[in-house]
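Here are some notes to read alongside the model, written for someone who is new to looking at structures. Please keep the sequence and the 3D view open while going through the points.

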Amino acid sequence: MDKNSSQSNGQGPSTLLMGCLFRKQARHFVTYSTWKSLTMQNRMSSTSNPVAAVCQMTSTPNKEANFSVGKRLVEAAREGGASMVFLPEAFDYIGSSRDETLALAESLTGDTISRYTQLASKMNVWLSLGGFHERGHDWENDRRIYNSHVIINDQGSLAAVYRKSHLFDVELPGRGVSLKESAFTIPGPALAPPVQTPIGKVGLGICYDLRFPELSLALQRQGADILTYPSAFTVATGAAHWEVLLRARAVETQCYVLAAAQVGRHHTTRASWGHALAVDPWGAVVGDCGGGEKEGSGNGGMVLVEVDLEKVRETRRNMPVQEHRRDAGFYRGLEAAVDNT
């Protein structure tokens, strides 16, 4: 997670005006009750493109309360026409200490994922849940976890699991950011192939993975139309880097980028940046859920995005960046030349 455990403070015609407003109109967070009224007014769309719901919420150590928020978001998104719903990193909980974080962890067969599989089946909707605090392979001996991005299909079956490969071990003196994620989290062993979903082929990342373009390019080469980075960015790193990184990943891969986010204050020592974002293949922000500690009411919010795969194809056809890319050996040539000096 691009997060900390000791933190002081923290336009597009293809986007529907539901839950969170268009970037060109406003950058503000709309809670669930407002979302419900907007949904009833705007649920009908003139397009045949599939719709994705990119959500944000304010998780706490209370797993039951967090599930209640997640469930309402999924139900509202489905009512608004979404065929796939994206929840943020730590959708299950955000602990107030290392010990609490580990104590609340579950396996993929535990209660939390089981309830979401039932919800997906009941609502006939695909879910992106990431990252989930998954007990590690040697849990009984080492009490370490994976940060896992779980994809559930509309039949309630697990379609994919990606375990976060880049861990957030960062100290930023003066910015209130301090975390060594590797102290309790196991890095994932491999990338997951993009998953075919009703909105297109989705490539999976989690939060800090966003900073590594090698990952996004690898997923694009394997056919990804959409990249997703469920996150819990700190206020400090979010204000500086969140949007520019998401737009950069969209531009370099010519993919949609969908990034669900944690927002607001989770407990006394932790707050997140928010701004759940949707970016199109040209790099334009087409949905932004806003941020701010006071706006994280716990009820959650979302933006609905129509995913136009023809726009992906058109962008790549008009500017064929991947065709112009040289082979991997060309870019390593400079390293080889330096090594030979």
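1. In which order do the strands of the open sheet of six strands lie? Bearing in mind that this is a predicted model, the order is E9-E10-E11-E12-E15-E16, and the pairing is mixed. Strand E9 (195-197) and strand E16 (285-288) form the edges, each of them pairing on one side only. On average, and with direction ignored, neighbouring strands of this sheet are turned by 20 degrees against each other.

2. As general background, the strands of a sheet pair through backbone hydrogen bonds, in either a parallel or an antiparallel way. A parallel example here is the pair made by strand E11 (residues 226-228) and strand E12 (residues 256-259), which are joined by three bridges. If you would like one position to look for, take Thr228, whose bridge partner in E12 is Leu258.

3. What lies across E11, E12, strand E15 (277-279) and E16? It is helix H7, made of residues 235-253, and this helix runs at about 25 degrees to E15.

4. The largest nonpolar core has 45 residues, and those that touch the most other members are Phe86, Ile199, Leu204, Trp242, Leu246 and Leu258. Leu258 is thus worth finding twice, since this core residue is also the bridge partner of Thr228. Leu246, if residues up to four places away in sequence are not counted, touches Leu210, Tyr229, Val257, Ala259, Leu277 and Val279. Another core, of 28 residues, lies apart from the largest one, and among its members are Val74, Leu119, Ala120 and Met123.

5. Are Cys207 and Cys255 buried or exposed? Cys207 counts as buried because its relative accessibility is 0%, and Cys255 counts as buried because its relative accessibility is also 0%. When cysteine sulfur atoms are checked for pairs within 2.5 Å, the count of disulfides comes to zero.

6. A last residue to examine with care is Glu106, which is found in the loop between helix H3 (98-103) and helix H4 (111-123). Why does Glu106 count as buried? The reason is its relative accessibility of 13%, because the cut-off for buried is under 20%. The side chain of Glu106 is joined to that of Lys63 by a polar contact of 2.6 Å. Leaving aside neighbours within four places in sequence, Glu106 is in contact with Lys63, Asp111, Thr112, Phe132, His133, Glu134 and Arg135.

Conventions: Residues are numbered from 1 along each chain as its sequence is written. This is a predicted model: local features need pLDDT of at least 70, side-chain atom pairs count only at pLDDT 80 or more; totals for chains, interfaces and linings use all residues. Side-chain values use heavy atoms; hydrogens and water are left out. Two strands pair if DSSP finds at least two bridges between them. Helices (H or I, at least four residues) and strands (E, at least two) are DSSP runs, numbered from the N terminus. Axes are lines fitted to C-alpha atoms, for helices over the stretch in contact, and angles run from 0 to 180 degrees between N-to-C directions. Contact means heavy atoms within 4.5 Å. A nonpolar core is a set of buried Ala, Val, Leu, Ile, Met, Phe, Trp, Tyr and Cys residues joined through side-chain atoms within 4.5 Å. Buried means under 20% relative accessible area, exposed over 50%, partly exposed in between (1.4 Å probe, protein chains only). A polar contact is a pair of N or O atoms within 3.5 Å; within protein, one must be able to donate a hydrogen and the other to accept it, and residues adjacent in sequence count only if both atoms are side-chain atoms.
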